[in-house]
Protein chains: 2
Amino acid sequence: MKKHNFSAGPCILPQEVFQEASEAILDFNNSGLSIMEISHRSAGFVSVMEEARELALELLGLNNKGYKALFLQGGASMQFLMTAYNLLNKKAAYLNTGTWSSKAIKEAELFGEIIEVASSKDQNFNYIPKTFSIPDDADYFHCTSNNTIFGTQMKSFPNTSKSMVCDMSSDIFSRSLDFSKFDLIYAGAQKNMGPAGTTLVVVKEDILGKVDRKIPSMMDYAVHISKDSMFNTPAVYAVYVSLLTLRWIKKNGGIAAMEKRNDEKAELLYAEIDRNPLFKGFAAREDRSPMNATFNITNDSLKDRFDDAWKAAGVNGLNGHRSVGGYRASMYNALPLESVQVVVDVMKELENKA
Amino acid sequence: MKKHNFSAGPCILPQEVFQEASEAILDFNNSGLSIMEISHRSAGFVSVMEEARELALELLGLNNKGYKALFLQGGASMQFLMTAYNLLNKKAAYLNTGTWSSKAIKEAELFGEIIEVASSKDQNFNYIPKTFSIPDDADYFHCTSNNTIFGTQMKSFPNTSKSMVCDMSSDIFSRSLDFSKFDLIYAGAQKNMGPAGTTLVVVKEDILGKVDRKIPSMMDYAVHISKDSMFNTPAVYAVYVSLLTLRWIKKNGGIAAMEKRNDEKAELLYAEIDRNPLFKGFAAREDRSPMNATFNITNDSLKDRFDDAWKAAGVNGLNGHRSVGGYRASMYNALPLESVQVVVDVMKELENKA
């Protein structure tokens, strides 16, 4: 039986993507070869890479606007480093909204002075700081759009003349934004875009080439751009499955349609969290993430019964991150509304039997 | 029809690995979940990662000898950089045997002085330099065991008191060596070990911690070791398929058995290259690689006919790299002897009809 998968990432992808991805392991495009055994320089894979890069820009509304899309390796953690390598001359401004922002700050500090413009650490990152100012002499401003661990999401972004860099790992392709406000967007694939193993980087070319240091080839966005994201062997299969997922997003109405579905799912679950006296949301209401709903059980003695019940209902991955405890329901693009209904039903049943 | 796949990498993997890998995309270990949608922190994947790390060391004969195995991202190109980040204080010695050595040197030069102890560039890297000395004050010696592009392979390695670092991307797990001579071995998976997207690093722990610089987390072998190769989300699927391939190597007799098969294949093809007046080997005989046989056609007017013939015989990936031209037959572990016989038959037939 297929599970209701609320895993925080790697996470559920569309079932038809799994099907096509599985077939391509045995025979890619009727070539008589597995997608895993073809050269990355073959016409078949070059076309996968090109379509994936173009489709990513198209879905974000960024084609023909001076942006390039890259599929790199190393996850957001590598981007914490690459961002600083490529953009940080002296000083940069970072908004600290959780574990991932903190890690980004730590890596960037090796390259220059980091100004933490605001932090919600005082409340275990359960809200998004909204008033802060970005220093005039900052090379760029960095933020994290969605905080997977704490279940918060930035609903608005500052208007600034500085380059804006955003880690969108856990909510890219899930909601409509004016993406042209950003100069550098990066996202590990393993939420809404594909499997673990590749990272989308969307960069406005004119922000590059302004630091003095020598950048190692693998760290240099300009090198990857000059080689059409094939400076070295890319993560062939992860890029391919990302392409299948991007095609699925487009076929199903693009980001706007994803957002509508995601809002429905989030409303259904948060309504139950707020209604049911046995549960309490973790994140501040106005900052709640539709991607990751974090909540606690108010009566600890019912915890085991709840855990048994959702597991029995075929639900996977509902445990909270160790930094927060409680529960976390990750509701990425591919999760059906029915899966959320299953969790809501289990929550209601717990209340009725309690 | 399944092709005879001589691709230089990504390349052929065992058919039973493709089969199991394809099934796990739909249902991993009867979990009701795809291998791509489970958490990398789940018991199922943690056990994949641990078994892959242990099996890599076991096959190399390096367990319980102070080595750690890591599965990182970014390919050998990232290791060119990480090697220098972690080991290079002032000076290092590099043997230049081709494109990949040259790239490794270029990246390391950002971190210190690089002494090129010898180079075969004068002959377009068609041989392995054998006489050279390693400076006493070098932090380490770096070499490339097999040169995919030029078809040469180091048959012996220097005895040195320096740390020895080796890029074994294209021949790891293909031949028996005393691997304990090396202090750091790295290899992109996409030849004998698995699909593109992960890189095996085997490092002797006691060589670490001896440089003065601050190392970014993602560049730091010690950080990855301390987190059991899960500092951040690993390339889940690429590691899983690597594990399947390592299990296949073990089940089929380990490295010694692979070497025997590889030698048979290489002897069959090189014998025909040497016998058939229409062909001529590129690499010096004593340095020939059993992994990648490079050769040219002696009569250019027969080129089209030869190309049509091997393609018609179901052969894939026989074109040489643009740096060398001609042909390159890559005969990694998973390539059957029968595939080599098909190429040899086409070569003979060309001679008979010429």
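**View 1. Arg41(A), a position marked as "binding site" in an unreviewed UniProt entry.** According to that UniProt record, the annotation "binding site" covers Arg41(A); the position is given in the numbering used here, the feature name is shortened, and such annotations may be inferred rather than shown by experiment. The model shown is a predicted one, in which local features need pLDDT of at least 70, side-chain atom pairs count only at pLDDT 80 or more, and totals for chains, interfaces and linings use all residues. Residues are numbered from 1 along each chain as its sequence is written, chains are lettered from A and ligands numbered from 1 in the order in which they are written, and side-chain values use heavy atoms, with hydrogens and water left out. Arg41(A) lies in the loop that runs between helix 1 (15–26) and helix 2 (43–59) of chain A. Helices (H or I, at least four residues) and strands (E, at least two) are DSSP runs, numbered from the N terminus. With a relative accessibility of 46%, Arg41(A) counts as partly exposed; buried means under 20% relative accessible area, exposed over 50%, and partly exposed in between (1.4 Å probe, protein chains only). Apart from neighbours within four places in sequence, Arg41(A) is in contact with Val46(A), Met230(A) and Phe231(A), where contact means heavy atoms within 4.5 Å.

**View 2. The open sheet of seven strands in chain A.** The strand order is 2-10-9-8-5-3-4, with mixed pairing. Strand 2 (67–72) and strand 4 (113–119) of chain A stand at the edges with a single partner strand each, so one side of each has no neighbour in the sheet. Direction ignored, neighbouring strands of this sheet are turned by 15° against each other on average. Two strands pair if DSSP finds at least two bridges between them. Strand 3 (residues 91–96) and strand 5 (residues 140–144) of chain A run parallel and are joined by two bridges; Ala93(A) has Phe141(A) of strand 5 as its bridge partner. Helix 3 (residues 75–87) of chain A lies across several strands, including strand 9 (184–188), to which the helix runs at about 160°. For such angles, axes are lines fitted to C-alpha atoms, for helices over the stretch in contact, and the angles run from 0 to 180 degrees between N-to-C directions.

**View 3. Strand 8 (residues 163–167) of chain B and its partner strands.** Five of the five residues of this strand are buried, so strand 8 of chain B is largely enclosed by the rest of the structure. In a regular strand the side chains alternate between the two faces of the sheet. Here Ser163(B), Val165(B) and Asp167(B) point one way, while Met164(B) and Cys166(B) point the other way. Strand 5 (residues 140–144) of chain B runs parallel to strand 8 and is joined to it by five bridges, with Cys143(B) opposite Cys166(B). Strand 9 (residues 184–188) of chain B also pairs with strand 8 in the parallel sense, over three bridges; there, Leu184(B) is the residue opposite Val165(B).

**View 4. The buried and exposed sides of helix 8 (residues 303–312) of chain B.** Phe306(B), Asp307(B) and Trp310(B) are buried. Seen down the helix axis, the buried residues fall within an arc of 100°, so they line one face of the helix; the arc is that of the directions from the helix axis to the C-beta atoms. On the other side, Asp304(B), Asp308(B) and Ala312(B) are exposed. The cover over the buried residues includes strand 12 (292–297), strand 14 (327–330) and helix 9 (337–353) of chain B, among other elements. Gly314(B), with a positive phi near 85°, follows helix 8 of chain B.

**View 5. Backbone details in loops of chain A.** A cis peptide bond, with omega about -5°, joins Gly9(A) and Pro10(A). Pro10(A) has its place in the loop between strand 1 (4–5) and helix 1 of chain A. Asn64(A), in the loop between helix 2 and strand 2, has a positive phi of about 60° although it is not a glycine. Asn64(A) is exposed, with a relative accessible area of 82%. Phe125(A), which also is not a glycine, has a positive phi of about 55° and is found in the loop between strand 4 and strand 5 of chain A. Phe125(A) is buried, at a relative accessible area of 6%.
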